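Open the structure in your viewer and keep the selection tool at hand. The stops below say what to select next and what is there.

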Amino acid sequence: MAFPPYEKHIFICNNQRSAGHPRGCCDEKGGSELRLAFVEALDRRGLKGRIRANKTGCLNACELGVAVVIYPAGTWYLGVTQQDVEEIVETSLVGDGIVERLVAGPDSWERLASMRGLPEK
Ligand code: FES
């Protein structure tokens with residue numbers, strides 16, 4: 001195995017909260033199944049061992065989840081569903097591009113702050 005062992009990681013929020021929690025959680029939006037879909041998509045391309053799909057706890061973007069972040073690029077995607085997996089894999093994991101329609105930007109964080117009643121920065 002070469003080191004570092006992985007060229008890229010994709011972290012998929014699988015956090016679970018009780019039903020009715022004000023922030024909700026990514027797992028109730030399909031986070032666990034989404035991670036498995038990424039694992040399978042990477043396996044199909046022979047990328048196991050080069051790119052890793054990890055489950056993660058809360059990424060603090062709950063209301064806009066499922067939240068996903070890719071490193072080392074530091075690309076955040078929000079509202080990710082199974083329908084987005086192939087496009088994200090091809091664009092941001094096989095390639096180094098960005099899926100513009102899903103990427104989080106300043107407006108995403110402002111929207112999240114507004115949803116939480118926090119002052120905008
Ligand atoms: S529960 Fe997924 S970002 Fe918080």
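Select H9 and Y71: in β3, Y71 is the bridge partner of H9. Strands here are DSSP runs of E with at least two residues, helices are runs of H or I with at least four, and both are numbered from the N terminus. This is a predicted model, in which local features need pLDDT of at least 70 and side-chain atom pairs count only at pLDDT 80 or more, while totals for chains, interfaces and linings use all residues. Residues are numbered from 1 along each chain as its sequence is written.

**The sheet**

Now select β1, residues 8-13, together with β3; the two run antiparallel and are joined by 4 bridges. Two strands count as paired if DSSP finds at least two bridges between them. Another position to pick out is I12, which stands opposite V68 in β3.

Next add β4 (75-77). It runs antiparallel to β3, with 3 bridges between them, and I70 faces T75 of β4. β3 and β4 form a hairpin with 3 residues between them, and G74 in that turn has a positive phi of about 75°.

Add β2 (51-56) and look at the whole sheet. In what order do the strands lie? The order is β2-β1-β3-β4, in an open sheet of 4 strands with mixed pairing. β2 and β4 stand at the edges with a single partner strand each, so one side of each has no neighbour in the sheet. On average, neighbouring strands are turned by 20° against each other, direction ignored; the axes behind such angles are lines fitted to C-alpha atoms, for helices over the stretch in contact, and angles run from 0 to 180 degrees between N-to-C directions.

**The first helix**

Select α1, residues 31-44. This helix has 14 residues and reaches 20 Å from its first C-alpha to its last, close to the 20 Å expected at 1.5 Å a residue. The expected span is 1.5 Å times one less than the number of residues.

Within α1, colour G31, L34, R35, A37, F38 and L42, which are buried. A residue is buried if 20 or more other C-beta atoms lie within 10 Å of its own, exposed if 12 or fewer, and partly exposed in between, with C-beta atoms placed from the backbone. Seen down the axis of α1, the buried residues fall within an arc of 160°, so they line one face of the helix. The arc is that of the directions from the helix axis to the C-beta atoms. D43 and R44 are exposed, on the face of α1 turned away from its buried side. The buried residues of α1 pack against β1, β2 and α2 (85-94). After α1 comes G46, with a positive phi near 70°.

**The second helix**

Move to α2 and select V85, I88, V89, S92 and L93, its buried residues. They cover an arc of only 115° around the axis, which puts them on the same side of α2. Their packing partners are β1, α1, β2, β3 and β4.

**The core**

Which residues touch the most other members of the largest nonpolar core? They are I12, F38, V66, A67, V68 and L78, in a core of 26 residues. A nonpolar core is a set of buried Ala, Val, Leu, Ile, Met, Phe, Trp, Tyr and Cys residues joined through C-beta atoms within 7 Å. β1, α1, β4 and α2 each supply at least two residues of this core.

Centre the view on I12. Leaving aside neighbours within four places in sequence, I12 is in contact with residues including G31, F38, A53, V66 and V68. Contact requires C-beta atoms, placed from the backbone, to lie within 7 Å.

**Loops and the start of the chain**

Select V66, in the loop between β2 and β3 (68-71). A cis peptide bond joins G65 and V66, with omega about 15°. A second stop is P72, in the loop between β3 and β4; the peptide bond from Y71 to P72 is cis, with omega near 15°. Most residues other than glycine have a negative phi, and most peptide bonds are trans.

Return to the loop between β2 and β3 and select N60. Its phi is near 65°, a positive value in a residue other than glycine. Is N60 buried or exposed? N60 counts as exposed because it has 10 C-beta neighbours inside 10 Å.

Finish at Y6, in the segment before β1. Y6 is partly exposed, with 16 other C-beta atoms within 10 Å. Y6 and R52 are 46 residues apart in sequence and 6.7 Å apart in space, C-alpha to C-alpha. Beyond its neighbours within four places in sequence, Y6 is in contact with R50, I51 and R52.

How values were computed
Two residues are in contact if their C-beta atoms, placed from the backbone, lie within 7 Å.
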